[in-house]
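Trainee: Could we go through the enclosed spaces of a model together?
Mentor: Happily; let us bring it up.

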Amino acid sequence: MHVALFLIALIAADADVGVVAFANSGAPAAQADFLHGLALLHNFEYPEAAESFKKAQKIDPDFAMAYWGEAMTYTHPIWMQQDLDAARAALKRLSLVPRPKTDRERAYLRTVEVLYGEGTKKERDFKYADAMAALHERYPEDVDTTAFYALSLLGTAHEGRDFATYMRAAALLEEVFPTHQHHPGVLHYLIHSYDDVIHAPLGLRAARLYGSVAPKAPHALHMTSHIFIAMGMWDEVIDANRRAIAAQKIVSPCGHYSQWLEYAYLQEKRVAEAKKMLDECQASAVGGAAAADPFSEMRVLYITSGGGNVDPITIPDAPAWAKFTIAYGDALTAAQRRDADALNEAAARLRALQKEQDDKKPGDRERVAIVLHQVEALQLSVQGKKDEAIALLQKAAAEERAMPFEFGPPSIEKPTFELLADELLAAGRAADAEKAYRTALERTPGRTPAVEGLQRAQKLSDVRRGASSR
């Protein structure tokens, strides 16, 4: 098997994207590309991983596991994405080469054939997780089997994060973590298992390690901030996403890492830096509708996270999701200005766009409904109907609280408990506002607008207690 040779090639090729070792019957000359592709696969650098696996195929056209690796790059479990046609094309080419020599390799191939076999994606995801469970039971000492099994479990959370599934994945990974602290999959999937505000402290060890283990994998550098943002560690979020952007081959001003960096800047009141990022993204979005979705999200995060009001904008060819989110930002801005006409116009746009929204991920439908409730409540507030506005926000806040936890900046960019607290404070109900701000901070720890709102509410309560004691 030439395993020693494989490990020498691994260390030379993959020191900057993580340490992996995968015994196989491919040609020694193809090992560096295969192992590099495997490390990139664990880092979710999918296009680059596919290229590495294809290079290994060219060197050794009969290297079955190189076709397996390429097929694996076409499913993105956490993101619920899959390119079924590309995967089946890779498996078709795999069917033309000899089956590998070892039982373990043949068992791996059977799992990927399940992943891209018959049935809906959801059905296949569950069947694949069962196949990976059987593979793990047969080869419990294989760290890649353990890592891919844990990832397959995370890929069954079609309705959003549920703690039982995520903790099953974490338990598998915790078993191998002490002896595989440089394995990109173990670290990466541990972070995903723990990247909610309840479990984030458990992910700190992996987050502290992952960036140094894979310093040339942009997603790995960014991924550490999944834990940091869940703990309100804004300096670390900024550093992680700056490094991720610097490591990218092609940098988009509206990219995922830019969105997180802008959000963290806003939490530290570095408004000028956040505004510069938003302006750069806006220029890109106006020039091409493909950037409209991320721009709309960066824009509303800017409005709701301390950046202040922004000018109205129209992107004619923008997708419906972007138009909805832009209208949401316009409604929030109008409410801040107490401009009833502008608020009503934005609310009308939101309602007209409601039916055009497609569910891209779990929680999207709930987000749309809650945003509409928020805006209706703001309309009531601007009309002076404070009690009705607060009652509606309490209902919307309960709906938001029932949603699964999400990682990253808040999916409802103005968290409803925070908006409720703002309205309660404006109505002079300081004690109720304190409670609502504290509840908001349970889902978004360290979020500056909520922290500052809580301080204002506490100050008002202190003033009133002082006055009542005299």
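Trainee: How do the residues lining the second largest cavity divide into nonpolar, polar and charged?
Mentor: This is a predicted model, where local features need pLDDT of at least 70, side-chain atom pairs count only at pLDDT 80 or more, and totals for chains, interfaces and linings use all residues. Residues are numbered from 1 along each chain as its sequence is written, and side-chain values use heavy atoms, with hydrogens and water left out. Ala, Val, Leu, Ile, Met, Phe, Trp, Tyr, Cys and Pro count as nonpolar, Asp, Glu, Lys and Arg as charged, and the others, Gly among them, as polar. For this lining the split is 9 nonpolar, 3 polar and 1 charged.

Trainee: How much space lies in the second largest cavity?
Mentor: On a 1 Å grid over the protein atoms alone, a cavity is a set of points where a 1.4 Å probe fits but cannot get out, and lining residues have an atom within 4 Å of a point. Points are joined across faces, edges and corners, and a volume is the space filled by probe spheres set on them. Here that space is about 130 Å³.

Trainee: Which element gives the most to that lining of the second largest cavity?
Mentor: Helices are DSSP runs (H or I, at least four residues), numbered from the N terminus. Helix H7 (121-138) and helix H8 (143-154) each give two or more residues. With 3 residues, the top contributor is H8.

Trainee: Which residues are closest to the centre of the largest cavity?
Mentor: The largest cavity holds about 350 Å³. Of its 28 lining residues, the closest to the centre are Glu406, Gly408, Pro410, Arg443 and Thr444.

Technical notes: On a 1 Å grid over the protein atoms alone, a cavity is a set of points where a 1.4 Å probe fits but cannot get out, and a pocket is an open set with protein on both sides within 12 Å along at least five of seven lines; lining residues have an atom within 4 Å of a point.
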